[in-house]
Structures are given as C-alpha cells and as structure tokens.
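Hi,

Here is the structure I promised to pass on. Have a look at it first, and my notes on what turned up are underneath.

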Amino acid sequence: MHPSEEGALQARPAAEEIEPILVWHPRAEEYRRALLARLPGVPIELRTGAPQSPSRSEAGVLLSWALPPDAFQQLPRLRWLQATGAGVDELLARDDLPESVRVTRSLGRFGAQAAEYTVGYLLHWLLRLEDYRRNQDRGVWRQLARPLLADRTVGIIGLGTVGSAIAERLTAFGTNVMGVCHSARPLPNVSRVYAMEDWRRMLPDCEALVLAVPLTAATRGMIDEAALRTMPAGSALVNVARGAIVEADALLATLRDGHLASAVLDVFDQEPLPPDSPLWTEPRAWVTPHIAAPSEIEPIADEFAANYQRFINGEPLQHEVDRSRGY
Ligand code: OXD
C-alpha cells in the first residue's frame, strides 16, 4: 500500500461514524472533489439547483448557499447545515428552516479579501486615480491635493473576522481606526471601541465608514440620513456587509448633494443591482457585483471538514450561529 493511501484509510471515519453529506451548491462538483480529499469514504450527494421535482435526501449534513424554496422539506434527516458564506441573514429569514437544524457559517478568507477591497478603494479615492486618468487622457498636467490614509480616521461597524481584518490592514497604513462592536471591550488595532447602542457617537469623527456588520433586525436600515449627515462633509462609505443596512434614498441624497464624497458599494438590497438603479450612473458611487469577499472552495472545504469531524465526535462546532442574535 502506498503510504499516502494508508494515511487516508487511517483518517477515514468508522462506518457507524459516517454521516452522509449533501452539497447543494452551484459549484457542488468542485466542493465534492475538495471534500473527498479531506473526508475519504464519506458519501457525498450533489445538487446544483432545484431538482425537476422534489426528491428526498437522507443526508444529515448539508453544505450549501441560497437553497431553493422547498429545500428543507426534501431533507427530513437534516441535523446540521454549514453555509459557504459568512452572512446567514437570508437563511435565518426562511420560515421553513427547522429549529432542530444547527447552522454554522464559513469564514473562508473573507477578512483578508474584504480588507484588500476596502484599503484598495480608500486609496483609490484618496489618490484620485480617476481624476489623474481623466487628466492624462486629455493631456492635462495638474497637481491635486495629496491626502494620506495615515492622516484619516476610519470607523468600522462590526468588528468580527471581517471588520478586525480591515482594522489590522488600515492600522498598518497608520490610519486611526475606531469601531463598533456589540460590547465596548478593547480590541487590537482599534483606538476606540463603541458599544452597539452608542454607534452614532462615533460618526462625527469618521472620514470614512466601513460596514462589516451582519444584517439583523437591529442593523437593517441603521445607516439612515441622520447617520450619514453626522459624518463629516466629504467623507466616504464602504459597504461590504449587506445592502439593506443602508437606507437607499438617504444614500442617494447624500451622494447627490456631495455630503458623501464617495460610496463604495459591493452589496445591494436587490442583487443583481437592477438596470434602472440610479447608483449605476451616480458619479460618486463605485458599484461592484458582490465580489469583495467571494467564497473560495479550498479554505471552506478545510473549515467544513474540521467541523464535520467535530460533528461526528459530538464536539462543539466552530462558528455556530446563535439564531436569537442572527449571526
Ligand atoms: C457572505 C457573502 O455572506 O457572500 O459570505 O455575502
């Protein structure tokens, strides 16, 4: 026997410890390959979309994202679902998700990805790359003000894995980072942490505000016109969380009159962003199609496989969602 095959057999759970997995995802085949390498011998069933007619699955474990409407009726044995993304707001909003099913989130490399996106767009804004490109196209030699990220104060709402990765990268640029967390405890890379109930007190100092908070009843629509106008004139907003956290009309009004100098928007209440959305043509808005922190197969397969072993062993699962909190 080849030594690597021997290792694989040793890692294989005993038959009575195997719980069949259903991967229900547009990229199910890629996930299957990644999981087979980590969980040899575990039966894996695949679905990429809604079956022609409802069909029952005996899997007790599900790895998925954006399930079709009647999905849970087809999964009578389901005990645990791992989402391939971080935000489980849509899943928890479903009225057919059984109470008995445990839910875990994935963290992937969302922190690093969202941090690079945020820093990239903040630098793009401060370096006025678009203005210089336009000037270059017209052969114009014109020096513009040269503000530094190092002289700025950035507020982050939500200091979980994503928010804290953004704080870490911004701190490396010398930025003063403030943040909002459910409790105001000291955190690395954040000069001042506000408790969730005090979040508006942070706004007057925020030359840029980054949203990295889950969508819950408490955060839906929290960024209203009063909040945006409490930020200094000429500030920027970056949303890598969920579109519904920001009131759309307030956002447009504050962009149009220039109070907000820039809004970097990766997420929208309705996705894809409808063709008639005024954001497409708003000069101060930067629209990206939900790509700030995409799910990657390999890190998510690592997390899922580690959690699968925990599930089989009856150990606590990592990143388990507290349904009463909504994340
Ligand atoms: C996520 C997302 O929550 O992709 O991971 O939005």
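Leu81 sits opposite Val103 of β5. That pair belongs to the stretch where β4, residues 80-83, runs parallel to β5, with 3 bridges between the two strands. One caveat before going on: this is a predicted model.

Zooming out, β4 and β5 are part of an open sheet of 5 strands, ordered β2-β1-β3-β4-β5 and paired in parallel. The edges are β2 (44-47) and β5 (102-104), each of which has a pairing partner on one side only. On average, neighbouring strands in this sheet are turned by 20° against each other, ignoring direction.

Now for β3 (61-64). On one side β3 runs parallel to β1, and 4 bridges join the two; Ile21 has Val61 as its bridge partner there. There are also 4 bridges from β3 to β4, again parallel, and here Ser64 stands opposite Ala83.

Are the residues on the two faces of β3 buried or exposed? Val61 and Leu63 on one side are buried, and so are Leu62 and Ser64 on the other, leaving both faces covered. If you're wondering about that one-two pattern, side chains in a regular strand alternate between the two faces of the sheet.

Two helices are worth finding in the viewer. Helix α2 (residues 28-38) packs on the sheet and touches β1 (21-24), β2 and β3. The direction of α2 makes about 165° with that of β2. Helix α9, residues 297-313, lies across β1, β3, β4 and β5, and α9 runs at about 165° to β4.

Then there's the ligand, which is probably the part you'll want to click through. Which residues are around it? They are Trp65, Gly85, Ala86, Gly87, Arg242 and His290. Three of these have polar atoms worth checking against oxygen atoms of the ligand:

- Gly87 uses its backbone: an N or O atom there is 2.6 Å from a ligand oxygen.
- Arg242 has a side-chain N or O atom 2.8 Å from an oxygen of the ligand.
- His290 places a polar side-chain atom 2.6 Å from a ligand oxygen.

As for how much of the ligand is covered, on its own it has 210 Å² of accessible area, and the protein covers 84% of that.

That's what I have for now. Shout if anything is unclear.

Cheers

Note on methods: Residues numbered from 1 in each chain as written. Predicted model: local features only at pLDDT ≥ 70, side-chain atom pairs only at ≥ 80, totals over all residues. Heavy atoms only, no water. Pairing = 2+ DSSP bridges. Axes fitted to C-alpha atoms, helices over the stretch in contact; angles between N-to-C directions. Contact = heavy atoms within 4.5 Å. Buried < 20%, exposed > 50% of the residue type's maximum accessible area, 1.4 Å probe, protein only. Near = heavy atom within 4 Å. Polar contact = N/O pair within 3.5 Å; in protein donor to acceptor, adjacent residues only side chain to side chain. Areas by Shrake-Rupley, 256 points an atom, 1.4 Å probe, with all protein chains shown as cover.
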